[in-house]
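Q: Please pick a single part of this structure and take a close look at it. Then walk me outward to whatever else deserves attention.

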Protein chains: 2
Amino acid sequence: MPKSTALNEHRYLQLADSIEGHIEKNLLKVGDKLPSVRLFSEEHGVSMGTSLQAYYHLEAKGLIESRPKSGYYVRYSSHKYPEVPRMSDPETKESPEDVGAIVSSVFNHLNDSDFIRFSLGVPAPELLPQAKLNKAMVQAMRDLPASGTSYDPIQGNESLRRQIAKNALSWQGNLHADDIITTAGCINALAYCLMALTEKGDTIIVESPVYFGILQLAHSLGLQVLELPTHPVTGIALDALRNHLQKGGIKLVLLVSNFSNPLGSCMPEENKKEVVRLIEQYNIPLVEDDLYGDLYFGKSRPKPCKAFDQSGLVLWCSSVSKTLVPGYRVGWVAPGRFKEQILRLKMNQSISTNALSQQAVANFLANGRYENHLWKLRQALQANSLQFIRSVSEYFPEGTRVSRPQGGFMLWVELDPGMDTYELYKQALKQQISIAPGRMFTLRAQYQHCMRLSYGLLWTDRVEGALKTLGTLAKK
Amino acid sequence: MPKSTALNEHRYLQLADSIEGHIEKNLLKVGDKLPSVRLFSEEHGVSMGTSLQAYYHLEAKGLIESRPKSGYYVRYSSHKYPEVPRMSDPETKESPEDVGAIVSSVFNHLNDSDFIRFSLGVPAPELLPQAKLNKAMVQAMRDLPASGTSYDPIQGNESLRRQIAKNALSWQGNLHADDIITTAGCINALAYCLMALTEKGDTIIVESPVYFGILQLAHSLGLQVLELPTHPVTGIALDALRNHLQKGGIKLVLLVSNFSNPLGSCMPEENKKEVVRLIEQYNIPLVEDDLYGDLYFGKSRPKPCKAFDQSGLVLWCSSVSKTLVPGYRVGWVAPGRFKEQILRLKMNQSISTNALSQQAVANFLANGRYENHLWKLRQALQANSLQFIRSVSEYFPEGTRVSRPQGGFMLWVELDPGMDTYELYKQALKQQISIAPGRMFTLRAQYQHCMRLSYGLLWTDRVEGALKTLGTLAKK
């Protein structure tokens with residue numbers, strides 16, 4: 001939250017939170033009328049402006065609505081929410097389908113901006129601070145020796161690494177600039193980690209469902225992927241993880257600990273501690289993909305497992321691709337005890353990463369602009385998530401289950417087990433709507449009835465209309 | 001050559017070439033006085049300005065010198081040149097040394113601009129058009145949707161791919177934009193090619209000596225590297241290549257066909273045709289690293305092997321890192337029949353490359369600025385190469401051999417077989433001079449008495465002084 005307006009915002013948010021609490025506890029029910037702005041202001045001893053701000057805030061979140069010449073009404077309550085998806089129970093059979101072909105098809109429609117792209121893996125451009133990034137880039141040309149035309153140091157831009165280390169303080173990360181290696185996005189960091197720590201034929205553990213990029217990457221390196229049961233709220237099942245580590249034959253564990261893609265799960269702190277304890281016990285590295293951690297809807301940034309890493313076995317990977325600027329390809333890894341291996345891989349395969357982009361991001365991170373932007377982005381995403389959940393509950397078939405992400409911008413939707421979302425995908429394409437079918441998120445024969453919807457879009461009537469269309473198609 | 005001044009330059013270059021020919025043929029000897037500018041102008045029926053341009057050009061190349069109040073004198077002739085290095089005859093024993101450690105040490109001094117960096121693998125920043133690149137970058141922010149903050153298409157920026165295809169016409173390359181995949185520099189293209197076409201334990205053929213980056217990359221992928229005899233002028237020995245392909249067990253061939261690093265060899269066209277014939281006969285892919293091809297000193301750009309590729313077995317890799325801008329990390333590959341594999345690898349490991357850098361380079365390439373810049377850069381590099389060869393011949397021990405690169409900016413220097421250039425490297429560091437010791441360019445126990453000197457520097461008295469210092473150290 002920007003400091004200059006902190007007090008004011010504090011007050012209206014307090015009021016909004018209090019109303020939200022009443023809705024959650026069912027003290028205010030769907031359809032109930034809220035007090036008028038004047039009355040509310042008198043009751044709470046605040047200005048009408050502050051009351052209005054509180055109401056606007058709840059309206060943006062989709063919780064209340066303004067009816068012309070009548071006032072504000074409760075529009076939505078979690079008591080009407082559809083159920084949360086079940087804990088996943090992954091198949092053990094490989095799927096006969098070529099998931100790569102589905103992925104390619106979905107990717108092919110990603111640059112078509114006429115489409116409503118629920119399949120998008122990044123926030124929509126409108127939610128990102130383009131103009132400010134341009135300024136940061138022009139500044140970078142001034143800052144860097146030779147205007148950034150020369151090779152960057154192999155380990156990466158030092159200002160950027162310092163900023164990353166500084167930001168890690170928000171989760172008590174005890175990192176120094178020298179602990180960090182920059183990469184061309186987070187997936188590039190994951191690629192280096194897998195290449196450094198595994199060989200063809202090795203087995204790695206992941207969540208299920210899991211981001212298809214991780215599956216494709218592991219597959220292309222000849223790795224066996226063990227998909228473990230994962231809860232949509234609390235993440236990977238610890239008992240399954242424990243059993244498999246005990247059994248042996250596992251080369252590494254790869255987890256998206258905060259707001260996993262596609263489930264949106266966020267592991268509780270105790271679970272993270274237990275994961276770190278387990279990998280230490282069995283001396284197995286943990287590659288932690290934490291690229292959604294900054295997009296929390298709660299009071300503070302959830303810690304990654306790295307926060308509890310004493311042994312250097314956790315390789316913490318992240319980027320600004322999901323929070324600030326996908327196209328710059330700026331990511332990083334804090335590889336713990338594996339720094340030398342990662343550094344050599346980076347040198348061997350790319351010499352260095354783009355010099356200007358790194359400096360531009362460092363500039364953006366340096367003076368509070370990033371926090372300011374994140375604050376706004378999180379507000380928008382949280383409001384969107386509620387609009388999406390409400391729309392699914394209104395327009396989708398009875399019995400549809402939907403996740404409750406507490407951060408990030410991915411919604412996991414579970415339709416009737418008889419449904420085929422790849423068919424739905426093809427039908428939706430004809431209506432210029434793209435979704436990500438569930439089977440993209442596994443190498444096994446499952447999740448055919450699921451899909452991932454990105455709510456990282458600007459919420460508009462057209463978006464709501466597209467969700468309605470999807471629901472109608474799903475009902476057929 | 002810029003069109004506007006083409007005629008004028010044509011005339012003075014003709015005159016300069018004619019004088020150079022006289023020097024080459026020993027009709028003009030070192031120390032001979034040239035005709036006065038006035039006399040020369042009358043003899044050739046040109047303006048004094050044109051004659052002066054011709055003399056300046058030869059002076060810049062280090063062939064003649066102006067003596068105050070006296071006139072121009074021949075300073076240099078190839079008849080005084082030291083001998084060319086011998087054809088390489090690679091060892092078959094692996095070296096016990098950790099070449100990686102030497103490479104890291106050399107790299108660590110690369111960002112120290114107080115050093116005279118003969119070890120630099122790119123042209124010095126002063127030789128690159130920083131200001132114009134900045135403009136191209138600002139333009140790129142205007143050109144790209146969302147100012148380049150969104151993901152680039154997986155295959156890469158289309159304008160850039162069109163420009164690359166257009167430039168390939170200069171060597172009769174029949175490429176279309178769709179044949180090209182952009183990468184984060186040329187080494188990244190090589191990495192994808194090796195990952196797509198080989199598995200751990202496979203054997204690949206390379207030149208010897210060979211760029212250490214290729215060795216490190218192959219080594220990190222678990223490949224066996226077969227270093228074949230290579231001639232400093234004509235490149236890899238065809239009989240050795242033929243024998244090994246016939247014997248079998250080779251997974252691919254990797255060649256720097258034009259101005260190899262470090263030898264500077266450029267394969268004659270017939271050799272290239274024969275290489276393509278051979279790989280077709282044995283159905284072995286050729287990864288062609290052509291990142292120096294645009295830096296020719298002759299009349300036209302030498303063709304890569306790709307020009308003769310009918311079967312799609314040649315994967316042509318290049319970049320603008322050696323010619324325009326290392327820090328942007330813009331490279332590419334035209335992978336022939338292996339396009340799908342490379343595209344998937346790129347998607348899996350990086351999603352896409354930096355959007356703005358690609359557009360900026362596309363802008364730079366679009367309107368003749370690149371040709372103009374290359375023309376100037378080649379002039380500077382050719383002049384430098386002659387200055388370097390002259391300096392080595394003046395300051396280094398009797399019997400020193402030195403390559404005759406006809407392009408690029410790498411000089412290969414062979415000292416007395418008893419010399420140890422790693423020792424020389426360490427001594428030179430104390431004088432703030434860095435060189436690349438010969439053993440970096442092999443995985444075998446050889447080239448201890450060789451070194452690579454980059455002449456991609458701005459030629460100054462300090463640089464000449466550093467070469468003198470090196471020579472003095474070598475004499476000890």
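A: Let's start with helix H7 of chain A: 11 of its 12 residues are buried, so the helix is largely enclosed by the rest of the structure. Buried here means under 20% relative accessible area, exposed means over 50%, and partly exposed is in between (1.4 Å probe, protein chains only). This is a predicted model, in which local features need pLDDT of at least 70 and side-chain atom pairs count only at pLDDT 80 or more, while totals for chains, interfaces and linings use all residues. Residues are numbered from 1 along each chain as its sequence is written, chains are lettered from A and ligands numbered from 1 in the order in which they are written, and side-chain values use heavy atoms, leaving out hydrogens and water.

H7(A) covers residues 186-197 and reaches 17 Å from its first C-alpha to its last, close to the 16 Å expected at 1.5 Å a residue. That expected span is 1.5 Å times one less than the number of residues. Helices (H or I, at least four residues) and strands (E, at least two) are DSSP runs, numbered from the N terminus. Among the buried residues of H7(A) are A:Cys186, A:Tyr192, A:Cys193, A:Met195 and A:Leu197.

Helix H12 of chain A (residues 355-366) makes a good companion to look at. H12(A) has 12 residues and also reaches 17 Å from its first C-alpha to its last, against an expected 16 Å. Of the 12 residues in H12(A), 11 are buried, including A:Gln358, A:Gln359, A:Asn363 and A:Phe364. The cover over these buried residues includes helices H5, H6 and H13 and strand S4 of chain A, together with helix H5 of chain B; contact means heavy atoms within 4.5 Å. A:Phe364 also has A:Arg369 over its face, at 5.3 Å from the ring centre. A charge sits over a ring if NZ of Lys or CZ of Arg is within 6 Å of the ring centre and within 35 degrees of the ring normal. Chain B offers another case, with the charged end of B:Arg378 over the ring of B:Tyr296, 4.1 Å from its centre.

Strand S4 leads us to a sheet. It is an open sheet of 7 strands in chain A, ordered S4-S12-S11-S10-S9-S5-S6, with mixed pairing; two strands pair if DSSP finds at least two bridges between them. Its edges are S4 (181-183) and S6 (224-228), each pairing on one side only. From one strand to the next, the twist averages 20°. Helix H9 (238-247) of chain A packs on this sheet, touching S5, S6 and S9, and its direction makes about 145° with that of S6(A). For such angles, axes are lines fitted to C-alpha atoms, for helices over the stretch in contact, and values run from 0 to 180 degrees between N-to-C directions. Inside the sheet, S5 (203-207) and S9 (252-255) of chain A run parallel and are joined by 2 bridges, and A:Ile204 has A:Leu252 as its bridge partner.

Two loops around this sheet are worth a pause. In the loop between S5 and helix H8 (212-220) of chain A we find A:Pro209, joined to A:Ser208 by a cis peptide bond with omega about -5°. Between S11 (314-319) and S12 (331-334) of chain A, the loop holds A:Arg329. Phi of A:Arg329 is near 55°, a positive value in a residue other than glycine, and A:Arg329 is buried at 5% relative accessibility.

A second open sheet in chain A has 4 strands in the order S13-S14-S17-S16, with antiparallel pairing. S14(A) and S17(A) are joined by 5 bridges, and A:Glu414 is partnered with A:Cys450 in S17(A).

S14(A) also brings in the aromatic side chains. A:Trp412 and A:Tyr447 form an edge-to-face pair, 5.8 Å centre to centre with 85° between the planes. Rings of Phe, Tyr and Trp (its six-membered ring) pair if their centres lie within 6.5 Å; planes under 30 degrees apart count as stacked, over 60 as edge-to-face and the rest as tilted. A:Trp412 lies in S14 (410-414) and A:Tyr447 in the loop between S16 (436-437) and S17 (450-454) of chain A, so the pair ties together parts 35 residues apart in sequence. A:Trp412 is buried at 2%, and A:Tyr447 is buried at 9%. Ring pairs extend this into a cluster of A:Tyr211, A:Phe212, A:Trp412, A:Phe441 and A:Tyr447.
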